[in-house]
Amino acid sequence: EITSFQAAMASVSAVVGSGNIAGVATALVSGGPGALFWMLVAAVVGMATKFAEITLGVKYREKAEDGTYVGGPMYYVAKGLNAPWLGKIVAVLFLFFSIVISAVVDTNTISGAFNESFGINPIITGIILFAGFPDGGPDGFPSFAGVTILRLPTDADMATDTESHSL
């Protein structure tokens, strides 16, 4: 079991990545003050979408044999649209995009910021990220949630510090 705070931090860590933080800096530099308005519009749409995803996730989740709950987009697509085949396609696409987007884009953003700000070789940063921040542990998701409550505020602070140096 995980606490409510651990669940919230795990959810935030899945949504707010280093790409979001770097994207704000890039938008302000490229688009000027008008970019702030469009970021607010995108934030409102994003919050509404996230609310709908969470509501559907709770509605269509299932209880596994071991007593834990399982769910997610593939479950509510399969059950809500009554299309199990589409749920399987969504699962494969989410697996692919989570590997490509999370692993590659976020690592590139972090290593680029550290290289620009502190002169650290991106290869070294990649190795530290791979070795230092495992996605789980002996307990699986509860270990991940425990690491996330400690790591997320630090990651956000480090990213904003390095972004302000690179502007």
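In which helix is Phe96 found? In this predicted model, Phe96 lies in helix H5, which spans residues 84-118. The relative accessible area of Phe96 is 46%; because this value falls between the 20% bound for buried residues and the 50% bound for exposed ones, Phe96 is classed as partly exposed. Phe96 also belongs to a nonpolar patch on the surface, which further includes Trp85, Ile89, Leu93, Phe94, Phe97, Ile101, Val104 and Val105. Together, the residues of this patch contribute about 900 Å² of accessible area.

A second partly exposed residue is Ile54, with a relative accessibility of 46%. Ile54 is located in helix H3, comprising residues 34-60. The C-alpha atom of Ile54 is placed 9.3 Å from that of Pro73, and the two residues are separated by 19 positions in sequence.

With regard to the overall architecture, the protein chain contains 7 helices and 2 strands. Their order along the sequence is α-α-α-β-β-α-α-α-α, with the two strands thus following three helices and preceding four others. Of the 167 residues in the protein chain, 20% are buried. The accessible surface of the protein chain amounts to about 11300 Å², and 69% of this surface is supplied by carbon and sulfur atoms. As for the contacts between residues at least 6 apart in sequence, 47% join residues separated by at least 24 positions.

Notes:
Residues numbered from 1 in each chain as written. Predicted model: local features only at pLDDT ≥ 70, side-chain atom pairs only at ≥ 80, totals over all residues. Heavy atoms only, no water. Buried < 20%, exposed > 50% of the residue type's maximum accessible area, 1.4 Å probe, protein only. Contact = heavy atoms within 4.5 Å. Areas by Shrake-Rupley, 256 points an atom, 1.4 Å probe, with all protein chains shown as cover. Patch = residues over 30% accessible without salt bridge, like charges linked within 9 Å, V, L, I, M, F, W, Y side chains within 5 Å. Salt bridge = Lys/Arg side-chain N within 4 Å of Asp/Glu carboxyl O.
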